[in-house]
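Visitor: I am new to this model and would like to understand one part of it well. Could you pick a single spot and take me through it slowly?

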Amino acid sequence: MRFRVRPRAVIACVTGSIALLLLMALNIRIGDIPMSLGEVLRGVIEGDFVVMELRLPRALTGALVGAALAMAGGITQSIARNPLASPEILGVTTGASVMVVAGIVASGSVYGGASGLLLSLGIPVLALLGGLLGAALVYSLAWRRGLDGYRLVLVGIGVAAVFTNVKYWLLTVGDVNDTTRAMVWISGSLHGRGWEHVLPVFLALAVLVPVALAATRTLDALRFADDTAMSLGVRLNPARAGMILLAVGLAAVATASAGPIAFVALASPQIALRLTGSGRPPLLTSAIVGAVLVAAADLIARTAFAPVELPVGIVTAVLGAPYLIYLLIRLRRGTRT
Amino acid sequence: MARTRILCVLAAALLVAVALSITIGAKAVPLTDAWQALTAPTGSENDIIIRSLRVPRTILGVLAGIALGVAGALMQGHTRNPLADPGLLGVTQGAAFLMVSSIIFLGVSNLYAYIWFGLAGALIASVGVFALGMVGGRGGPTPVTLALAGTAVSAFLYALTSAIVLLDEQAMDVFRFWQAGSIAARSADVVWQIVPFIAAGLILALVNAPGLNALSLGEDVARSLGQDVNRTRAVGVAAVTLLTGASVAACGALAFVGLIVPHLARHLSGTDHRWLLPYSGLIGAALLLVADVIGRVVAPPGELEVGVVLALLGAPFFIALVRRRKPVRL
């Protein structure tokens with residue numbers, strides 16, 4: 001195997017990592033007891049309660065979830081050979097949304113406020129279950145004497161349409177208060193996330209990221225037409241199935257922790273692709289871009305309308321969309337003149 | 001001509017769907033009585049139901065179904081992307097954003113006013129996306145630039161809309177029903193409001209079909225065939241915007257009709273847009289009406305929103321079709 005180091009990719013990764021650390025520190029700094037950056041650093045080293053138990057887990061959840069979603073998006077876009085693809089067409093995020101909205105609407109009207117504790121424990125599990133069920137459904141329906149990228153996209157559209165509309169319908173059934181609560185979760189929120197949310201995503205990333213990076217060559221080959229990929233020595237079906245499994249795992253765990261944070265999975269790979277100037281979504285850079293995007297969005301979500309806190313998923317799109325558009329325009333200017 | 005025959009069959013299917021939509025509902029009206037209500041009304045209960053409820057609802061369903069089916073086929077053709085829905089250029093989210101804003105900032109509570117705001121939002125968003133695609137480059141926007149810029153603007157507007165409805169319960173209550181999509185309880189006035197937009201959109205779409213066929217051979221080939229690529233694309237975008245904007249303003253976020261229906265139509269027509277567009281429109285309208293009728297009878301005494309029924313009904317059929325046959329690629 002041959003590694004070619006792309007200078008632009010290295011620069012993007014290094015700048016991204018520095019920005020990520022800085023944003024996380026700024027995130028930890030704010031709260032009921034404001035701290036200076038020095039105090040944040042000391043708090044992490046000395047194990048201060050506020051830093052270690054309340055603020056660091058939230059910041060970490062955001063960064064890890066962003067990285068996982070972005071990576072899942074990059075893999076999906078490569079397999080589908082489509083820049084508009086995201087884990088949504090794998091049934092993960094939409095499946096999780098339906099399950100959670102159903103849970104909130106059902107328990108909200110039956111048990112009233114008393115179900116709060118049950119729900120806070122139950123939502124991640126419900127989301128994980130819904131995500132995996134949704135993915136299993138798409139996968140089994142798309143499999144027919146092998147996995148074809150185009151058929152996967154079409155089946156994914158169909159399943160997503162069912163899930164999304166059932167979700168909309170559930171939102172109209174429940175009480176408007178439950179609808180609002182459900183909307184917060186659907187948008188993706190980092191409110192009150194603790195170590196129990198960090199750990200699953202961390203473990204998933206620790207296992208799946210090395211696998212994904214090792215499989216980069218396969219993913220590269222899958223971008224080409226089927227014949228070309230085969231002649232490059234890739235066994236198409238196992239390769240595609242394996243990569244989809246990776247993407248599903250990453251997206252499902254991330255969604256369970258923080259909800260389906262919008263736009264990260266779709267935009268991060270496209271931003272990374274344009275930053276590095278490579279031919280396909282680069283996984284590592286995508287992950288870093290995703291982490292930076294969510295960390296920055298969380299900072300804005302908490303400070304923009306303080307003391308009211310917005311769900312982070314609302315800000316990711318507000319922040320990511322203009323940046324992606326800027327990159328699109330700048331690149332066009334560069335290529336055409 | 002096999003293609004003409006298919007067109008006739010689809011038109012007949014739409015007629016049957018229209019008849020079903022007029023006769024079936026909370027109160028079933030026999031076809032003869034319905035005919036009488038239309039031709040020689042006597043002011044009976046049936047006549048009132050037919051003339052003031054069923055007919056506007058049916059016409060709206062036909063209009064929106066045709067519009068979204070055609071718009072979807074155009075959008076997928078122009079972006080050459082099977083994931084493109086007619087709301088891709090920000091049309092749906094533009095409509096939603098301006099409608100919700102009008103509720104919260106201007107205190108608008110009148111249904112007709114919503115529709116104008118929705119339409120305006122759709123137009124502004126779509127023109128904005130097209131302009132963003134134009135910025136920078138010499139030529140017009142490429143399909144990928146358009147699709148990505150549209151997705152980005154949609155996500156941006158959806159985020160703003162979500163923020164507003166999360167902060168305002170009244171806006172949330174309107175928004176969640178708009179989002180589910182419905183062709184019910186719209187009076188004849190709403191129908192007449194959107195007719196001119198949809199008619200203009202359909203004419204532009206039909207004019208656009210031959211140009212789109214040339215474009216699907218690739219831009220260079222299209223140019224060498226004497227096509228003005230930028231103009232073809234601009235006409236297509238204008239058609240999509242008018243069709244989708246009018247439909248979603250009146251019926252809510254039903255844009256996914258336009259995502260699925262063209263794939264069904266492509267199985268019958270192949271990739272020739274001169275046939276794909278009419279097939280898509282007819283299938284879209286028939287499917288929308290049938291879904292609406294089922295939604296009326298399936299959960300008495302209430303109704304199920306047409307969007308849900310459509311997804312539950314159309315998507316499995318679509319998936320079965322995708323599995324059975326080799327997909328017709330764009």
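Guide: We will look at one helix of chain B and its two helix neighbours, then step back to the chains.

This is a predicted model, where local features need pLDDT of at least 70, side-chain atom pairs count only at pLDDT 80 or more, and totals for chains, interfaces and linings use all residues. Residues are numbered from 1 along each chain as its sequence is written, chains are lettered from A and ligands numbered from 1 in written order, and side-chain values use heavy atoms, without hydrogens or water.

Our helix is α13 of chain B, residues 306-324 (helices are DSSP runs of H or I with at least four residues, numbered from the N terminus). Start with its partner α12(B), residues 273-298: the two axes come within 8 Å and cross at roughly 110° (axes are lines fitted to C-alpha atoms over the stretch in contact, and angles run from 0 to 180 degrees between N-to-C directions). The pair is therefore roughly perpendicular, a label for angles of 65 to 115 degrees. α12(B) passes α13(B) in a right-handed crossing (the near helix is turned clockwise from the far one by less than a right angle).

Where do they touch? On the α12(B) side, L287(B), L288(B), V290(B), A291(B), D292(B), I294(B) and G295(B) take part, facing V306(B), V309(B), L310(B) and L313(B) of α13(B) (contact means heavy atoms within 4.5 Å). Nine of these residues are nonpolar, one is polar and one is charged (Ala, Val, Leu, Ile, Met, Phe, Trp, Tyr, Cys and Pro count as nonpolar, Asp, Glu, Lys and Arg as charged, and the others, Gly among them, as polar).

Now turn to α11(B), residues 257-269, which packs with α13(B) at an angle of about 35°, their axes 11 Å apart. This crossing is left-handed. V257(B), I260(B), H263(B), L264(B) and H267(B) of α11(B) meet L310(B), A315(B), F317(B), F318(B) and L321(B) of α13(B). That contact has eight nonpolar residues, two polar and no charged. L310(B) faces α12(B) and also meets α11(B).

Finally, step back to both chains. Their contact takes 56 residues from chain A and 60 residues from chain B. Together they bury about 4,900 Å², 74% of it on carbon and sulfur atoms (the accessible area, with a 1.4 Å probe, lost on being put together and summed over both). Between chain A and chain B there are zero salt bridges (a Lys or Arg side-chain nitrogen within 4 Å of an Asp or Glu carboxyl oxygen).

Definitions and conventions: Buried area = accessible area lost by both parts, 1.4 Å probe. Helix = DSSP H or I, 4+ residues; strand = E, 2+ residues; numbered from the N terminus. Parallel < 35°, antiparallel > 145°, perpendicular 65-115°, else oblique.
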